[in-house]
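Here is a quick tour of a protein model with a ligand, written for someone who likes cut-offs spelled out. Have the viewer open as you read.

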Amino acid sequence: MRLDGKVALVTGSSQGIGQVIAIRLAEAGAKVVINYRSHPEGAAETVAKIRAMGGECHGAEGYCDDDHAFSIGADLSILADIHRLVGESIDHYGQLDILVNNAGIEKHAPFWEVTEKAFDAVINVNLKGVFFTTQAVVKHLMATERSGKIINISSVHEDLPFPNFAPYCASKGGLKMLTRDLAVELAPYGITVNNVAPGAIETPINSELLNNQAKLNALLKNIPLGRLGHPQDVAGLVEFLASDDANYITGSTFFVDGGLTWNYQEQ
Ligand code: NAD
């Protein structure tokens, strides 16, 4: 299998896109560390789904052991939690090869009403959390002289305006430049860094949109492929970027948006 022998850490993998990415990487043969902040049941569900696959023994060699996934609670807006998360992952599996920075939040408010608390909450998870989780993993890769893959789940809003979500746009725009910068700085160490930028994907983060038919219809008019994305649409690309097939790709953003970005009209 494509990711045999690899160990991946997927942040925010107790639900939504992160959960499906974690399962997809495990299907490709990776051992996966599941991370959650406040939803241990969701993390346990992800782990159980991956362990259930193990029972059938996958691939030519097959794996049947129970140890292809486990979960760690950690709040990525807290530096000490990040260090514990990465440390415990390495202690458990002896290595890390793939980091998927998936955890992210958004908060709705007109720009002039955004509080310091709301700003910090978004930036601390979406940008500072990604920065220091990546730093901790990169230190491990450098110390052990391993190559590695960093994949950030960004958003079409690293490029497109999203009125009333200014901190979110600032965080994802920051992530775009962080990726480009790290791609250059880490290339000599065999570490690649790429962004996956989803459009509108059916997950809990979009529950308000999913419950507002008028808003949904207006958005669908902007999506040339005529539907919202599924987490699987994102996960397939992440699996590819995590594999050796993507060894020559770094510093890029890949949009998974049904064509939205090139057809975007502000709502
Ligand atoms: P979601 O709300 O379903 O999942 C977000 C995950 O992040 C959850 O597992 C949550 O527990 C975790 N998380 C949040 N704060 C955390 C913290 N402080 N510490 C640890 N984990 C934390 O959302 P989703 O749609 O699955 O989003 C996943 C990523 O995809 C996010 O970065 C989001 O910005 C991005 N994205 C989503 C869409 C979409 O339409 N769904 C579009 C573009 C980008």
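## Core, ligand and odd backbone angles

V234 sits in helix α8; helices here are DSSP runs of H or I with at least four residues, strands are runs of E with at least two, and both are numbered from the N terminus. Before going on, note that this is a predicted model, where local features need pLDDT of at least 70, side-chain atom pairs count only at pLDDT 80 or more, and totals for chains, interfaces and linings use all residues. Residues are numbered from 1 along each chain as its sequence is written, and side-chain values use heavy atoms, with hydrogens and water left out.

Back to V234: its relative accessible area is 0%, so V234 is buried. Buried means under 20% relative accessible area, exposed means over 50%, and partly exposed is in between (1.4 Å probe, protein chains only). The C-alpha atoms of V234 and K172 are 17 Å apart, with their positions 62 residues apart along the chain.

**The nonpolar core.** V234 is also one of the residues that touch the most other members of the largest nonpolar core, together with I21, L25, V32, I50 and V238; this core has 33 residues. A nonpolar core here is a set of buried Ala, Val, Leu, Ile, Met, Phe, Trp, Tyr and Cys residues joined through side-chain atoms within 4.5 Å. Which helix gives the largest share of this core? That's α1, with 7 residues. In soluble globular proteins, nonpolar side chains tend to be buried together.

**Helix α1.** This helix has 12 residues and spans 17 Å from its first C-alpha to its last, close to the expected 16 Å, where the expected span is 1.5 Å times one less than the number of residues. Of those 12 residues, 10 are buried, so α1 is largely enclosed by the rest of the structure. Among the buried ones are G16, I17, Q19 and L25. The side chain of Q19 makes a polar contact with the side chain of T46 at 3.0 Å. A polar contact is a pair of N or O atoms within 3.5 Å; within protein, one must be able to donate a hydrogen and the other to accept it, and residues adjacent in sequence count only if both atoms are side-chain atoms. T46 lies in helix α2 and is buried, at 0% relative accessibility.

**The ligand.** The ligand is surrounded by 28 residues, and Q15, N102, Y168, T203 and N206 are the closest; a residue counts as near if one of its heavy atoms lies within 4 Å. Both α1 and α5 supply at least two residues of this shell. Some polar distances from the ligand:

| Ligand atom | Protein partner | Distance |
|---|---|---|
| oxygen | polar backbone atom of G12 | 3.1 Å |
| oxygen | N or O atom in the side chain of Q15 | 2.8 Å |
| nitrogen | N or O atom in the side chain of D75 | 2.8 Å |

Taken alone, the ligand exposes 820 Å², and the protein buries 95% of that; the areas come from the Shrake-Rupley method with a 1.4 Å probe, and for residues only the protein chains shown count as cover.

**Positive phi.** Most residues other than glycine have a negative phi. E145 isn't a glycine, yet its phi is positive, about 50°. E145 is in the loop between α4 and β5 and is exposed, with a relative accessible area of 74%. N164, also not a glycine, has a positive phi of about 75°. N164 is in the loop between β5 and α5 and counts as partly exposed at 33% relative accessibility.
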